[in-house]
Amino acid sequence: MSTLQPTTTERLRAMGAAIGPDVIALRRRFHRHPELSGKERWTSDELCAQLDELGIPYQRVAGTGVVASIAGTASGGWRKCVALRADIDALPVTEQTGAPYASACPGIMHACGHDCHMAMMLGAARLLNDLRDELRGEVRVLFQPAEEISIGSTMMMDAGALDGVDAIFGAHIWSELDAGLVSCEPGQRMAHTDWFRIDIEGVSAHGSMPHKGVDAIVVGAEMVTALQILVSRDVSPFEPVVVTVGEFHGGEARNIMAGSAYLTGTVRTWSDRLRAEVPDRLERIVGKIARAFNAEARFTFESGNAGLANDPACAELARRAVVEVLGEEAVGSYEGTLSGEDFSEYLRRVPGVFAFIGCRNPEVGAEHPQHSCYYEVDESVLVKGSMVAAQWALDALAEE
């Protein structure tokens, strides 16, 4: 009989295989009880209850945020602190999946996978807590509110969640990557995320006498179309940019021509130069259309999160962690996305890596994009995310 002791990674794999069903059950529990940004009270309480059950100490911060701490007991080595992060908020989406664990909260859904992130990082915390004898330092697990409104990471940092942290790992379950693959390439991975609002003032009139007023809805409709000129004609086709109008509100009654309306939307850019130029370009388009229709328009631009770029050393550590626990065949390749993430704010403070955990699998209905009312995931990948996060933390603390 062999007397060789299992390696840390072998122990991690064995424990991961054992907790897979529990991670899926957690994901379904969170999925059934989604809460909007800044209102994640049930979610926060449930996270704390799960940590209590595991015997992991924690603090409540930033309103509904939670910071758990796992202190290693391994002797020797350079003692550091690394962080793992999960976002916890949901979206104002009415779920249409028909799943038995579908949202029990009308008009609210975990349509971006944050339920998966909480389950994965609780799984990672459970693994690391059982491997404290192998940890040469502290692992801090950040459960962050308000990612969908781009302010949660700043709130967490203001509360001290990142104080003393040497590096950070985050992950997003991702519908554009096949289940079983993990992408953690270095360099820029996500876009700059900014916001705009256009307030239009026309002149109301009877719906039967349009010549007596200035129709704010017509003006707004022209703006929706014209804003795409920035993408199709005003920027090089080799330069990624997206302009999306997400809201259009106007009018008070069906027989009254609207005297006012407003639009809100988002702009996603890849380069710093274009990000700086976009506000003036959009304002110029809006202003010219308003003048052409004899209306007035006020354009407001709000800077959001900067583009997300992985630190090369942290990304390589993540790639090696994928190979260690899942094998070379699990290393995925993904070009990046014009989606945004406030994890980028952490990366402005400390080095880190943001991984994409592939979950696309049409055989189980996981083929719709993030933010869709039909959004589903291949749940078999969740514990793989837990294992990769835990292995990355072990390896990061082992480095001197």
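Let me begin with the second largest pocket, which is lined by Trp-195, Phe-196, Thr-244, Gly-246, Glu-247, Thr-264, Gly-265 and Thr-266. Please keep in mind throughout that the model on the screen is a predicted one. The space in this second largest pocket comes to about 230 Å³, and its lining divides into two nonpolar residues, five polar ones and one charged one. If you follow the strands, you will find that β8, β10 (241-250) and β12 (260-269) each supply at least two residues of that lining.

Now to the largest pocket, where about 570 Å³ of space lies. Its lining is made up of 28 residues, and those closest to the centre of the pocket are Leu-91, Cys-112, Glu-148, Arg-268 and His-371. Strands β5 (167-178) and β8 (192-201) each give at least two residues to this lining, and it is β5 that provides the largest share, with four residues. Sorted by character, the lining of the largest pocket holds 10 nonpolar, 12 polar and six charged residues.

Next I would like to turn to a single residue, Asp-87, which you can find in strand β3, running over residues 80-87. Is Asp-87 buried or exposed? Its relative accessible area is 0%, so Asp-87 counts as buried. Which side chains does the side chain of Asp-87 meet in polar contacts? One is that of His-114, at 3.2 Å, and another is that of His-117, at 2.6 Å. Leaving aside residues up to four places away in sequence, Asp-87 touches His-114, His-117, Met-118, Gln-144, Glu-147 and Glu-341.

Finally, let us look at the cysteines. A disulfide is a covalent bond between the sulfur atoms of two cysteines. How many disulfides does the structure hold? The number is zero, and two of the cysteines will serve us as examples. Why is Cys-81 without such a bond? The closest cysteine sulfur, in Cys-314, is 13 Å from the sulfur of Cys-81, and Cys-81 is therefore too far away for a bond. Cys-81 is also buried, because its relative accessibility is 5%, and buried means under 20%. Cys-359 likewise takes part in no disulfide, and for this residue the nearest cysteine sulfur belongs to Cys-116, at a distance of 6.9 Å, while the cut-off for a disulfide is a pair of sulfur atoms within 2.5 Å. Cys-359 is buried as well, with a relative accessible area of 1%.

Notes: Residues numbered from 1 in each chain as written. Predicted model: local features only at pLDDT ≥ 70, side-chain atom pairs only at ≥ 80, totals over all residues. Heavy atoms only, no water. 1 Å grid on protein atoms, 1.4 Å probe; cavity = no way out; pocket = protein on both sides within 12 Å on 5 of 7 lines; lining within 4 Å. Points joined across faces, edges and corners; volume = space filled by probe spheres on them. Nonpolar A, V, L, I, M, F, W, Y, C, P; charged D, E, K, R; others polar. Buried < 20%, exposed > 50% of the residue type's maximum accessible area, 1.4 Å probe, protein only. Polar contact = N/O pair within 3.5 Å; in protein donor to acceptor, adjacent residues only side chain to side chain. Contact = heavy atoms within 4.5 Å.
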